[in-house]
Amino acid sequence: MELPLLNRYELMWMIVLFDLPVIEKKERKDASDFRKFLLNHGFSMIQYSIYTKLFSGKDSCEKYYKMIKENLPREGKVDIITITDKQYGNIISYQSSEKVEKKQPEQLTLF
């Protein structure tokens, strides 16, 4: 029996965007530590200050909202956007004026 795929309206992408000061040595370390925190918790870098992670639903994101808040650098601005997988699939990306096709993550069947 084949299990149904998760609905692309239920899967949620969390996008963390930030603008952190990096003039002073301590600021650079704080920014680097924040990036490492995101990477260590399964986020992928899209651009140097934009990271994403796919979640199974809105409820799964709640824990990460709190974790990010607890690990914010002292200075700077951090925004969190949560969108559905369907909305994420509508993003159009260009690199050096060439359109970049995004790979959709494969859904795994665990049982």
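At 33% relative accessibility, aspartate 33 counts as partly exposed in this predicted model. Its salt-bridge partner is lysine 29, and the closest N and O atoms of the pair lie 2.7 Å apart. Lysine 29 is likewise assigned to the partly exposed class, at 47% relative accessibility. Both residues belong to helix α1, where a spacing of 4 residues places aspartate 33 and lysine 29 about one turn of the helix apart.

Helix α1, which spans residues 25–40, also holds lysine 26 and aspartate 30. These two residues form a salt bridge as well, with 2.8 Å between the closest N and O atoms. Because lysine 26 and aspartate 30 are 4 residues apart in the helix, about one helical turn separates them. The surroundings of the two partners can be read from their accessible areas. Lysine 26 has a relative accessible area of 44% and is partly exposed. Aspartate 30, in contrast, is buried, with a relative accessible area of 17%; this assignment follows because buried means under 20%.

A further salt bridge joins the side chains of aspartate 79 and lysine 77, at a distance of 2.8 Å from N to O. Aspartate 79 is partly exposed, its relative accessible area being 34%. In total, the model contains 3 salt bridges.

Attention now turns to a pocket. The second largest pocket in the model has a volume of about 330 Å³. Its lining is made up of 13 residues, and those closest to the centre are Ile46, Gln47, Tyr88, Ile91 and Ser93. Several strands take part in this lining: β1 (12–19), β2 (44–47), β3 (50–55) and β5 (93–95) are the elements that each give two or more residues. Of the contributing elements, β5 gives the most, with 3 residues.

The chemical make-up of this lining can also be described. Sorted by class, the residues lining the second largest pocket comprise 8 nonpolar, 4 polar and 1 charged. Among the residues closest to the pocket centre, Ile46 and Ile91 count as nonpolar because Ile belongs to that class. Tyr88, also one of the residues closest to the centre, is counted as nonpolar too, because Tyr is placed in the nonpolar class under the scheme used here.

Terms used. Residues numbered from 1 in each chain as written. Predicted model: local features only at pLDDT ≥ 70, side-chain atom pairs only at ≥ 80, totals over all residues. Heavy atoms only, no water. Salt bridge = Lys/Arg side-chain N within 4 Å of Asp/Glu carboxyl O. Buried < 20%, exposed > 50% of the residue type's maximum accessible area, 1.4 Å probe, protein only. 1 Å grid on protein atoms, 1.4 Å probe; cavity = no way out; pocket = protein on both sides within 12 Å on 5 of 7 lines; lining within 4 Å. Points joined across faces, edges and corners; volume = space filled by probe spheres on them.
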